[in-house]
Amino acid sequence: MTLLKNIQMEGTPALEKALAGEELSFKDGIELINEENLFLLGAAADKVRKDLKGNAVSFVASYYLNYTNICVASCPLCAFYRKDSESDSYTLTIEQIVTRAGIAINQMGATELHIVGGFHPKLGIDYYEDMIRALKTDFPDVTIKALTPAEIFYIARLTRNSVKEVLLRLKGAGLDALPGGGAEIFSPEARDIIVRGKCSGDEWLDTAYQAHTLGIKSNCTMLFGHIEKPEHIIDHILKIRELHKKTKGFTTFIPLKFSLDNTELERTEAISRESPATYDLRVIAVARLLLARTLNNISVYWVALGKKLAQVALSYGGNDMVGTAFSEEIFKAAGKNSGTSIQELSSLIKEIKRDPVQRDTFFNIIKRFT
Ligand code: SF4
């Protein structure tokens with residue numbers, strides 16, 4: 001029996017619409033996330049992925065630089081942040097950053113520097129400009145993807161500049177793209193419980209919008225598997241879809257599975273366990289179907305999912321594995337082991353009979369693996 005026949009017999013009308021290539025509404029999204037038959041949902045997402053992106057699975061060779069863990073915010077979801085006075089707080093100097101980047105680029109083959117950190121109350125905008133300029137001077141070919149919209153918004157507030165001024169100054173120093181973190185979940189009903197001291201969902205979206213209109217592309221994320229409800233997931237994905245229609249500025253959508261260990265949400269027992277794999281796959285499949293033909297890259301983040309579940313997620317709508325994430329610290333603080341190589345990512349993709357492709361930050365192909 002064909003997939004379409006199966007869907008007509010057993011699935012929701014929204015699945016049929018998705019296969020027919022129709023744009024899905026909020027109501028459709030709710031139907032999809034509540035679809036009883038996960039395998040049917042996954043098969044539809046996999047078919048749409050295959051039609052739009054073929055057999056390739058891409059990734060970027062990326063080095064993570066977490067320049068400081070000092071943060072004035074104190075998000076209950078976060079295991080990474082420290083207060084200035086804590087003994088294991090740190091802030092990297094520009095020299096340390098350049099040295100680490102040099103090792104990543106020259107010895108590990110990184111083509112992208114993914115630079116994020118806490119909301120440091122004493123770092124002026126010149127710290128970020130000097131960092132980016134120093135990196136661009138020594139490594140002119142590397143892509144600098146630095147500072148999430150949440151960090152940009154914070155720096156603007158701290159330094160009493162507009163978001164636009166901050167973005168223009170950093171772009172002038174050599175900033176190429178923004179990472180998409182800090183989006184978490186846009187709906188205040190959930191957001192106000194899992195974050196504390198961070199920009200609102202609307203402020204995140206507006207900062208991304210301003211970056212895109214200045215020619216700075218970004219990825220976008222959504223943190224799931226905490227206290228959110230189905231409607232928050234659908235609302236978040238549709239807001240991303242609407243912004244991307246306006247700006248075409250997102251490179252990929254990355255659903256991030258929440259990691260519980262060492263967070264306030266764990267300590268206060270607000271959440272007792274991480275989401276089941278079936279839920280994770282459901283969210284990824286729904287993202288693929290809702291974003292189809294608007295934002296066609298759906299990334300599975302193996303650091304949070306684990307490598308084996310990431311392989312499965314590539315059959316539930318994913319077409320990208322984000323990257324090597326050399327030296328990732330944020331999920332490591334929440335108990336996730338990070339670390340892989342270009343070779344290992346390529347092998348993981350080959351094991352599931354897909355075609356590994358090394359890409360750059362903007363999804364241009366750098367290398368195919370035979
Ligand atoms: S999630 Fe970001 S803003 Fe929130 S406490 Fe952690 S580092 Fe700070």
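**Questions on a predicted model**

User: L113 lies in strand β3 (residues 112–116). What makes L113 count as buried or exposed?

Analyst: This is a predicted model, in which local features need pLDDT of at least 70 and side-chain atom pairs count only at pLDDT 80 or more, while totals for chains, interfaces and linings use all residues. Residues are numbered from 1 along each chain as its sequence is written, and side-chain values use heavy atoms, with hydrogens and water left out. A residue is buried under 20% relative accessible area, exposed over 50% and partly exposed in between, using a 1.4 Å probe and protein chains only. L113 has 0% relative accessibility, so L113 counts as buried.

User: How do you know which class K245 and A20 belong to?

Analyst: The same cut-offs apply. K245, in helix α11 (residues 230–247), has 32% relative accessibility and therefore counts as partly exposed. A20, in the loop between α2 (13–19) and α3 (26–33), has 57% and therefore counts as exposed.

User: Why is the stretch 277–291 called helix α13?

Analyst: Helices are DSSP runs of H or I with at least four residues, strands are runs of E with at least two, and both are numbered from the N terminus. Helix α13 has 15 residues. The expected span of a helix is 1.5 Å times one less than its number of residues. From first C-alpha to last, α13 reaches 21 Å, close to the 21 Å expected.

User: What makes α13 largely enclosed by the rest of the structure?

Analyst: Of its 15 residues, 12 are buried, so the helix is largely enclosed. Among them are D280, R282 and R288, together with L289, L290 and L291. Just after α13, R293 takes a positive phi of about 70 degrees.

User: What do E269 and A325 show in their phi values, and how do you know whether each is buried or exposed?

Analyst: Phi is near 60 degrees in E269 and near 50 degrees in A325. In each case this is a positive value in a residue other than glycine. E269, in the loop between α12 (264–267) and α13, is exposed because its relative accessible area is 67%. A325, in the loop between β8 (320–323) and α16 (330–333), is buried because its value is 0%.

User: How do you know how many disulfides there are, and why does C220 not form one?

Analyst: A disulfide is a pair of cysteine sulfur atoms within 2.5 Å. By this rule the count is zero. The closest cysteine sulfur to that of C220 belongs to C199 and is 14 Å away, which is too far for a bond. C220 is also buried, with a relative accessible area of 0%.

User: Where does the ligand sit, and what makes a residue belong to its surroundings?

Analyst: The ligand sits in the largest cavity. A cavity is a set of points on a 1 Å grid over the protein atoms alone where a 1.4 Å probe fits but cannot get out. A molecule sits in it if more than half of its atoms lie within 2 Å of its grid points. A residue is near the ligand if one of its heavy atoms lies within 4 Å. The residues around it include C71, Y81, G118, F119 and K198.

User: Why are the residues of this shell called nonpolar, polar or charged?

Analyst: Ala, Val, Leu, Ile, Met, Phe, Trp, Tyr, Cys and Pro count as nonpolar, Asp, Glu, Lys and Arg as charged, and the others, Gly among them, as polar. The shell divides into six nonpolar, two polar and one charged.

Conventions
1 Å grid on protein atoms, 1.4 Å probe; cavity = no way out; pocket = protein on both sides within 12 Å on 5 of 7 lines; lining within 4 Å.
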